[in-house]
Amino acid sequence: MAVVCSKGDWFVSSCSTTLVAIHLKQPREPFVFDCAKAEKKPKEADGGDKSAGDGPEEKDSDRILAFAASASGKHVALTDDHKRLVLFCTEPSWQCISTRWVVRRCTSLVFTQAEDEVFVADKSGDVYSFSVLEPQKPGELKLGHLSMLLDVTLSPDDKYIITADRDEKIRVSFRRSPYNIQAFCLGHREFVSALLVPAGHPDWLLSGSGDGTVKVWHYETGRRLHSVDLRQLGLDSENSDTEKRFAVSRILSSPDGRHVAVQCERLPSVQLFMVDSGTEGSLNPAETLALPLAPWDVTFDSQNQLWVLLESEDLNVLLYRYSEQNWKLCDSETPELRRVTEALQTQWNVFQGSVGLESQFKHLYKVNFDNMASYLQKKQERLEQETKKRATANGSKPNKRSKTESDAVPQNTS
């Protein structure tokens, strides 16, 4: 799966083992980092890792699992299947400043607004913090869930850590004392796959789930403000799954806080909302962008433009601008779009192996077992078998009771 983000003047994408950073304003050579060539974990440290690993020992593939950029774009971090946490600085030029190791494979990263720490959520349900100011310092365990974490974010004032897990829970914990839980945001019926505190509304939280809904919360109290069922907007019309299940894979807010974009996995569209400026947390459906094929990922840049990364070498990126109350597709000769398109085509061998991959959320859905239906079915089968046995027995032997009863009936001789 390929992922993108845009911070400052950089368009950053990761796929397979490689991270590619493209400058939007200047014709620079892209920065390319291949995890397969990164620093390896010292052998003497491997023994302690097995007991704290993800279960049976697996062959590390160097595949990038998650990456994030800081608010200013000065720092970027990634984590891979080899359990590395790689930290970069982007100014005055890109360089790797540290490689550290996480305990288990990670699912999500987020920087603090102060850019002094990066928080890492992993598959076992734990969150670790790693220092940015001390790039060689080991991570520190902050909190844990009982199930896999799928996303982590922070409040804009860095006061709260907000975590989402496979068991439909959203937890709001104090950053400085994570054992103190401020609130839970409960209401999703499937795993929570995406979190966002939107620009301009620091007290709101947007969440997306495998139940096909986007909800708006006042996260400090856990109160739900608004809920949008994406099925009612027709987003599942292109879904061939007979169960009509689809997961929200990304929620984004434009830097000016006016727009929210929602991407659903494997659906060839992006849903845009206008953000109500009131206090009730309302998202008003604005426009559905129909795409030629399902996007890998979407992101807003600093100019409030929407970038869409597609699974196609010939048409790998689309750029939309909001103008005259509508989102309009930019011309392919737009300088920054042409620069990104050409750079990604040059690196297309990196993306090739991720084309057409299966859903990353498919195995997270709950499996329901109807025990009563199974019991009733087996009971009916037993009754049918007993009926057949009686019928067979009655067909092979005379019914003595019936004969005796017939002899006892007086004969009418009149």
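**Exercise 1. In which sense do S17 and strand S18 pair, and over how many bridges?**

Let's work through it, keeping in mind that this is a predicted model.

Step 1. Find the two strands: S18 covers residues 204-209, while S17 covers 192-196.

Step 2. Look at how they pair. S17 and S18 are antiparallel, with 4 bridges between them. For one facing pair, pick Leu195, which sits opposite Ser207 in S18.

Step 3. Now zoom out. The sheet is open and has 4 strands, ordered S17-S18-S19-S20, with antiparallel pairing. Its edges are S17 and strand S20 (223-229), each of which pairs on one side only. From one strand to the next, the twist averages 20°.

**Exercise 2. Work out how strand S22 sits in the structure, and which strands it pairs with.**

Step 1. Check burial, using the cut-off of under 20% relative accessible area for "buried". In S22 (residues 259-264), 6 of the 6 residues are buried, so the strand is largely enclosed by the rest of the structure.

Step 2. Sort the side chains by direction. His259, Ala261 and Gln263 point one way, Val260, Val262 and Cys264 point the other way, and all are buried.

Step 3. Take the pairing with strand S21 (residues 248-253). S21 and S22 run antiparallel and are joined by 5 bridges. Val248 has Cys264 as its bridge partner in S22. The hairpin of S21 and S22 has 5 residues between the strands, and Gly257 there takes a positive phi near 80°.

Step 4. Do the same for strand S23 (residues 269-275). S22 pairs with S23 over 5 bridges, again in the antiparallel sense. Here Gln263 has Val270 in S23 as its bridge partner. This hairpin has 4 residues between the strands, and Arg266 in the turn shows a positive phi of about 70°.

**Exercise 3. Classify the ring pairs Phe31 with Phe88 and Tyr322 with Trp327.**

Step 1. Start with the idea: a pair of aromatic rings is described by the distance of the centres and the angle of the planes. The count for this model is 15 aromatic pairs.

Step 2. Phe31 and Phe88 have ring centres 5.9 Å apart and planes at 75°, so call this pair edge-to-face. Phe31 belongs to strand S4 (residues 31-34) and Phe88 to strand S7 (residues 84-89), so the pair ties together parts 57 residues apart in sequence. Both Phe31 and Phe88 are buried.

Step 3. Tyr322 and Trp327 come out as tilted, at 5.3 Å centre to centre and 55° between the planes. Tyr322 is partly exposed, with a relative accessible area of 24%, but Trp327 is buried at 5%.

Step 4. Go back to Phe31 and Phe88 and follow the ring pairs: they link Trp10, Phe31, Phe33, Phe88 and Trp94 into a cluster.

**Exercise 4. Is Glu336 buried or exposed, and which residues does it contact?**

Step 1. Place it: Glu336 is in helix H2 (residues 335-346).

Step 2. Read its accessibility. Glu336 has 14% relative accessibility, so it counts as buried.

Step 3. List the contacts, skipping neighbours within four places in sequence: Leu24, Gln305, Trp307, Leu319 and Arg321. Also, its C-alpha atom is 9.6 Å from that of Phe11, though the two residues are 325 residues apart along the chain.

Step 4. Look for empty space. A search of the whole structure turns up 1 cavity of 30 Å³ or more, and the largest cavity has a volume of about 50 Å³. Glu336 is one of the residues lining the largest cavity, and the others include Leu24, Gln305, Gly8 and Asp301.

How values were computed: Residues numbered from 1 in each chain as written. Heavy atoms only, no water. Buried < 20%, exposed > 50% of the residue type's maximum accessible area, 1.4 Å probe, protein only. Contact = heavy atoms within 4.5 Å. Pairing = 2+ DSSP bridges. Axes fitted to C-alpha atoms, helices over the stretch in contact; angles between N-to-C directions. Phe/Tyr/Trp six-rings, centres within 6.5 Å; stacked < 30°, edge-to-face > 60°. 1 Å grid on protein atoms, 1.4 Å probe; cavity = no way out; pocket = protein on both sides within 12 Å on 5 of 7 lines; lining within 4 Å. Points joined across faces, edges and corners; volume = space filled by probe spheres on them.
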